[in-house]
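The following exercises are meant for a reader who is meeting this structure for the first time. Please study the sequence and the structure shown below before attempting them.

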Amino acid sequence: MNKLLAGVLPQEGGLEASVSGKYTAAIGLCGLLTLVGVAAGIHSLYAGHEHTFGVSREVPWGVLIAAYVFFVVTSTGLCIVSSIGHVFGFKNFNPIAKRAVFMSIATIVAGFLVIAFEIENSWRMPVGNVIGANATSNIWWMGTLYGAYLFFMLIEFVMLQKNDHKTATAFGLAGLLTGVAAHSNLGAVFGLLNAREFWHGPYMPIYFITSAAMSGCVAIIFFTYIAYRANNWKMSSEMEKAMEGVAKVGALMMAVIIFFTCWKMISGISGHPPGKYEAIMTLLSGKYALNFWGGEVMLGMVIPFVIILAVRGKSMPMLFAASLAGMIGIYFMRYDLVIVGQLVPHYHGMGLVDYPELLSYTPSLHENLVVVGGVAFCVMLFLMGEKLFRGHVAEDH
Amino acid sequence: MRINDLEKLENEGLERLTSLERRRFLQLGLAVTGVYLGGTILSLTPVAEVQAAELVPEVGQYPYSPHYAMVIREKFCIDCERCMEACVKTNDVPVYGFRTTILERRRTVAGGAHETIFMPVLCNQCNRPPCVRVCPTTATWKDKKTGIVVMKPSRCIGCKTCMTACPYNARYFKEENRAVDKCDFCWESRLSKGEKTTACAEACPADVRVFGDLADTKSRVFELLHTPETIIWVLRPEVGALPNVYYVNV
C-alpha cells in the first residue's frame, strides 16, 4: 500500500502548501460540517423522509437532487476542461489539467454523498442496479455510466501522477466519453418525462452538456485561484495563460447559455403552451423571479460574462470574482431547474376546486444540512488535494 | 498557439497522412457513434411488444388477457368517498397517502347556477407507462398477463423517478414498506385471491366505478366502451401513456 501511494504522491517538486493553523482549522471545520451532514442524512434514513424532508408526493425531488445535479454538472465540466489540454493536445490548457481531474473526482464523490441520502434505500442500489437493470431507464444509464466515469477518472489521475501520459490520455478520453454520455442521460432523466412540460423535449440534454462546459471553466478558475491565494503561491506565466484561455472558453459557453435561456423563455411564453407557460412565468415574474433574475441571470450569466470580457481574461482577482458569481449563479440554475419543473400540478387547467394553481416546496433543515455536508466534503477534498499533490503542478512533457 | 502563428505554418497536406492513421481515426469515430447509437436504440425500446396505439383498442387487439380496465361513469359520482375508505382498508394505505382520490370540478351553468362534477382518479394502469420506463431497477413493471402495473417493494431504491414521471399523481412513497406504493387494481389483496372486482368498485353505491376485462366482449366494461354514440375520454391523453381507466357519462 505504502509503495503504491509513494508512486502516486509526489515526494518533491511542485508547490509546498503552507502549513498553518488556518489550514488545519479549515480542514477541521469541513470535516465537522461533513459529519453533521452525514448525521442529518442518517437520521433521515432512520426517521423517514416523510418526517425530515420538505419533499412531498407532488414534488418528490428537492434540494438534494438540485445539489447532486450541481456537483455532477461541475464534475463533467471539469473533466471536459481538463481534456482540452491533455486529451486533445491544446498545450495552453495543460497547467490546469491535473487540478481539474482531481476536482472532477472530488465533486462527483461529493455528489454521490448527497444522492446517497436523497435516495430512500440507497443500499438496495448496487444489487438492484445489476439484477434489475433497465435499459429504457435514463436514470439507470446515468448511474451506471457515472460509476464507470469515476473509475476512469481515478485511473487517469493515478496515471497523471505517475507521469504515464499515454495511458492517462486514453483513460482521459474514456472518462470524457462516458462523462458526456452519463451527463446527457442526466438531462434525459428530465427531458424524457412527457408529463412535465417544463422539462420535456430535447433541450435538457443539450443544455446540460453546454452548462457543464461552462461550470467546468468557472469551477477550475475558482479552485485554482483559491489554492494559489491561500498558499501565497506565485502563478507561473503558463498558468496565467491557461486561466485566461479557460476564462475565454467559459465566456463563450456563457454566451451560448444566455442564448439558450432566451429562447427557452420565449418558447415557453409564446402561445401559452399549457403546463410550460405557468412554470416559465413562475421564473419570470412569480415566486422564483428573484432566483431567476438575481441568481441565474445576473450572478450566473451576465456578471461573469461581463467581467471576463472587460478584463479580457487577464486579471486573476477579477476572474476569481467572475467565477465566484458564476458558482453561486449556477447553483441557482440547478435549483430552479429541478424545483420549478415540478411545481405545475398534475391536473392543471381542468378548473378543479381546492386544487393549487402552483405547488410549493421549501427545503427542510435536514435537507440543507446534507447539502452543506456535501459542499464541506468537496472543499475538504480540495484542501487535502492541494497539500498532498503539491499544487497539482504539471511537469513538462 | 495563436491563430496568427498558425497561419505562418506550412500546410502539411492530407497526402502525408498514412492510410493506417486514417483508418485509426475512422475506427475511433465509428466506435464512438456505435456506443451512442446502441444506447439511443435501447432507450427507445418499447416496454411491451404489443401496444395498442388507440384510445380504446380495436376488438381483438388487446395486449393482455384478461385486459383489466375500469370505466368511470363520472356524472354519477356523489363524492361519498366510500371507494377511498374501502381502498384504505383493503390495501393498508397509510393516512398520509392515497391510492385513489376524488377531485372536484365546478363550472357555471345557464341560469347562473353552478354545476359540481366529481372526478375519481386512480392509477391508470397505462399501456405505455412512463413510471415503468424510468425505473432503474425494474421494481415496477407491467404484468405480462393482466397488464396491471405492479410493484416489488424490496427492489425499490426510493429514487422517486416514477413519482416524477407519473402524469396522474398515482404514486406515493410508503414509509412502512420503504417503497413506492400504488393502486394495483387490488391484485395483491383481492384479484389474486379469486375475487372478481376491486374494493373501490364494490364499495361504490352509485355504480360509478365499473371494473372488468376489456378483452371479454361480454363484459360490462366492454359494453360501456362500445355502445354507439358514447363519448369516451381519458385523462391527460397528450402525454401518450394510453390509460386503461376510461371516463364516460352514460
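Exercises with worked solutions follow, after a short note on conventions.

The model is predicted: local features need pLDDT of at least 70, side-chain atom pairs count only at pLDDT 80 or more, and totals for chains, interfaces and linings use all residues. Residues are numbered from 1 along each chain as its sequence is written, chains are lettered from A and ligands numbered from 1 in the order in which they are written, and side-chain values use heavy atoms, with hydrogens and water left out.

**Exercise 1. Helix 4 of chain A**

Task: Compare the expected span of helix 4 of chain A with the distance between its end C-alpha atoms, and state how many of its residues are buried.

Solution.
Step 1. Helices (H or I, at least four residues) and strands (E, at least two) are DSSP runs, numbered from the N terminus. Helix 4 of chain A covers residues 63-86, which is 24 residues.
Step 2. The expected span of a helix is 1.5 Å times one less than its number of residues. For helix 4 of chain A this gives 34 Å, and the end C-alpha atoms are 35 Å apart, which agrees.
Step 3. A residue is called buried under 20% relative accessible area, exposed over 50%, and partly exposed in between (1.4 Å probe, protein chains only). In helix 4 of chain A, 24 of the 24 residues are buried, so the helix is largely enclosed by the rest of the structure.

**Exercise 2. The nonpolar cores**

Task: Determine which residues touch the most other members of the largest nonpolar core.

Solution.
Step 1. A nonpolar core is a set of buried Ala, Val, Leu, Ile, Met, Phe, Trp, Tyr and Cys residues joined through side-chain atoms within 4.5 Å.
Step 2. The largest such core has 130 residues, and F190(A) and V338(A) touch the most other members.
Step 3. Leaving aside residues up to four places away in sequence, F190(A) has several contacts (heavy atoms within 4.5 Å), including W61(A), I65(A), W199(A), F208(A) and V338(A).
Step 4. Another core of 35 residues lies apart from the largest one, and Y68(B), I148(B), A201(B) and V245(B) are among its members.

**Exercise 3. Chain B and its interface with chain A**

Task: Describe the domains of chain B and the area buried between chain B and chain A.

Solution.
Step 1. Chain B is divided into domain 1 (3-44) and domain 2 (68-248); such bounds come from an automatic or database domain assignment. The centres of these two domains of chain B, taken over C-alpha atoms, are 53 Å apart.
Step 2. In the interface, 51 residues of chain B are in contact with 51 residues of chain A.
Step 3. Buried area is the accessible area (1.4 Å probe) that two parts lose on being put together, summed over both. Between chain B and chain A it is about 4400 Å², with 53% given by carbon and sulfur atoms. On the side of chain B, R133(B), T164(B) and R178(B) lose the most area to chain A, together 16% of what that side buries.

**Exercise 4. Salt bridges**

Task: State how many salt bridges link chain B and chain A, and examine the pair R99(B) and D184(B).

Solution.
Step 1. A salt bridge is a side-chain nitrogen of Lys or Arg within 4 Å of a carboxyl oxygen of Asp or Glu. The whole structure has 16 over all chains, and the count between chain B and chain A is 2.
Step 2. R236(B) and E197(A) meet in a salt bridge at 3.0 Å, N to O. A network of salt bridges links E197(A), R236(B) and E238(B).
Step 3. In the salt bridge of R99(B) with D184(B), the closest N and O atoms are 3.3 Å apart. R99(B) lies in the loop between helix 3 (82-91) and strand 2 (100-108) of chain B, and D184(B) in the loop between strand 7 (179-181) and helix 6 (199-203) of chain B, so the pair ties together parts that are 85 residues apart in sequence.
Step 4. R99(B) is buried at 10% relative accessibility, and D184(B) is buried at 9%.

**Exercise 5. Backbone angles**

Task: Find what is notable in the backbone at R390(A), K160(B) and P66(B).

Solution.
Step 1. Most residues other than glycine have a negative phi, and most peptide bonds are trans.
Step 2. R390(A), just after helix 14 of chain A, has a positive phi of about 45 degrees. R390(A) is buried, with a relative accessible area of 17%.
Step 3. K160(B) is not a glycine, yet has a positive phi of about 65 degrees. K160(B) sits in the loop between strand 5 (149-151) and helix 5 (161-165) of chain B.
Step 4. The peptide bond from S65(B) to P66(B) is cis, with omega near -5 degrees.
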